[in-house]
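Reader: I have just opened this one and would like a guided walk through it. Could you take me from the whole chain down to a few of its parts?

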Amino acid sequence: MTRVVLLGGGYVTLHAYATLARRAGRRLRRGDLEIVVISADTAHRFHGFTGELLAGMIHRDRVATPLAEAMPLARIIEGRAVRIDAAGQSVSYRRHDDGDVETLAYDHLVVGTGAREPVAEVPGLAEHGYALRGPDEIAELADHLAGVPGSPVVVAGGGIAGVELAAAIADRGHPVTLVHSRGRLVGEWSDQPRLAARAARELERLGVRVVTGVRLTEVTPTAARFSDGSALPTATVVATTGQRPVRIPGLDPWRDERGRLRTQPTLAVRYGVWAAGDGARVEHPVTGEPVPANALWAMKGGDHIGRAIAGRLSGRTAGRFTYRGLGRAASFGFGRGISELYGVPFTGAVAWILRLVFFLRFMPSRSRAAGVVADLSRFAFTPRRHAATTPPQPVSGLTTSPA
């Protein structure tokens, strides 16, 4: 029997499984092939609609699909990988933090453990702040915001994720301060100045205060402190300050200076080990530059790995990863967005609809996608009543910068 082990429950794992199961389904059903998933989270979290969830547009169940439902032919192990023996082709894991270490041999290993916000780099952030990439973290933030209606919020990080998150929370009725260490927001869209400018205007429309050139340096239960010596009183700090790959010991010789696994053009790290997604350095097939760390590239990387492993099972060599990209999108409330498709920019309702259709297409559950449509339809005809808000007051010195 051939055993394929998939690490993580994100986009890489789901798409590698789906493609492999489709191409090698007979082997799976007759027991010649086993797919094992090791994940600390028992559900796949679809982050595409995080803004809609936090803004109260959709129910939280829409974005969480149990792994057993999404991958019915796989054996799911709730646990965390602690070491990889690449030479011996085995992975060690713990089912619980204090549990015994168990070891599982593999023929092919797919590393899709992704990346996390570097919360440990800011004192107090792990204890008193919120991140988005761990199990149930988005739902915990949504519950927290519901419990403190109208309270001030600080969002740290002005990339696409931070801007979209700030807009969603402001749309829910919270006064939001967005703090970004660089001079301009949405640096990912530096090649689309029209869209970057539209993002800034949307934040202004929602009343989001933007502060650039300042870093978050400390989080306490009641305040956020910044690199210029200023502070803001708040009980809610959300980190979208970049990401660091989840590092599992055993593959360090194949990591780059940022901790990402270096992949070959086939997405193999070394024989029997494959990687894609936020924790991998995947080179664009045309430019040779690292591809963006977003969901679509992780999905397409997973698809390619699934095809490559299926080909290996049939004695074929793996082909090169040839996906070249599609576009990007962000939402700023119901019916308002920006998007880019094959380099063509869109704004407003058209951009929002393009984004919606795209995300619905890639959701792992058709029933949950239908639920998103139903929730958004109800939201469109529901009168909106935001709680009264009190603007956050700076403790000292914090000034607004141009977006």
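**From the chain to its parts**

Author: Among contacts in the chain between residues at least 6 apart in sequence, 66% join residues at least 24 apart. Please keep in mind throughout that this is a predicted model.

Reader: Okay, and how many helices and strands are in the chain?

Author: The chain holds 11 helices and 25 strands. Its radius of gyration is 22 Å, close to the 22 Å that the globule rule gives for 403 residues, so the chain is as compact as a globular protein of that length.

Reader: What does the C-alpha trace span along its principal axes?

Author: The C-alpha trace spans about 65 × 40 × 40 Å along those axes. As for the surface, the accessible area of the chain comes to about 18,000 Å², and 50% of that belongs to carbon and sulfur atoms. Of the 403 residues, 54% count as buried.

Reader: Let's look at a sheet. In what order do strands 23, 24 and 25 sit?

Author: These 3 strands form an open sheet in the order 23-24-25, with antiparallel pairing. At the edges are strand 23, residues 327-331, and strand 25, residues 344-347, each of which pairs on one side only. From one strand to the next, the twist averages 10°.

Reader: And how many bridges join strand 23 to strand 24?

Author: Strand 23 and strand 24 run antiparallel and are joined by 5 bridges, with Ala329 standing opposite Ser339 in strand 24. The hairpin of these two strands has 5 residues between them, and in that hairpin Gly333 takes a positive phi near 115°.

Reader: What about the other side of strand 24, where strand 25 is?

Author: Strand 24, residues 337-341, is joined to strand 25 by 4 bridges, and that pair also runs antiparallel. Here Glu340 stands opposite Pro345 in strand 25.

Reader: Which strands does helix 10 lie across?

Author: Helix 10, residues 348-362, lies across strand 23, strand 24 and strand 25, and it runs at about 110° to strand 25. Helix 10 also appears among the elements against which the buried residues of helix 8 pack.

Reader: Then tell me about helix 8: which of its residues are buried?

Author: The buried residues of helix 8 are Leu195, Ala196, Arg198, Ala199, Ala200, Glu202 and Leu203. Besides helix 10, they pack against helix 7 (160-171), strand 12 (176-180), strand 13 (209-212), strand 24 and strand 25.

Reader: Why should helix 8 span 18 Å?

Author: Helix 8 has 13 residues, 193-205, and at 1.5 Å a residue these should span 18 Å; its end C-alpha atoms are 18 Å apart, which agrees. Just after helix 8, Gly207 takes a positive phi of about 80°.

Reader: Switching to helix 6, what do its buried residues pack against?

Author: They pack against helix 3 (50-54), strand 10 (115-116), strand 11 (153-156), helix 7 and strand 17 (237-239). Helix 6 itself covers residues 137-147, and its buried residues are Glu137, Ile138, Ala139, Leu141, Ala142, His144 and Leu145. Helix 7 is thus a packing partner for the buried residues of helix 6 and for those of helix 8.

Reader: One last thing: through how many residues does a hairpin join strand 14 to strand 15?

Author: That hairpin passes through 3 residues. Strand 14, residues 216-219, and strand 15, residues 223-226, pair in the antiparallel sense over 3 bridges, and the bridge partner of Glu218 in strand 15 is Arg225.

Terms used:
Residues numbered from 1 in each chain as written. Predicted model: local features only at pLDDT ≥ 70, side-chain atom pairs only at ≥ 80, totals over all residues. Heavy atoms only, no water. Pairing = 2+ DSSP bridges. Axes fitted to C-alpha atoms, helices over the stretch in contact; angles between N-to-C directions. Contact = heavy atoms within 4.5 Å. Rg over C-alpha atoms; globule rule 2.2 N^0.38 Å. Buried < 20%, exposed > 50% of the residue type's maximum accessible area, 1.4 Å probe, protein only. Areas by Shrake-Rupley, 256 points an atom, 1.4 Å probe, with all protein chains shown as cover. Expected span 1.5 Å × (residues − 1).
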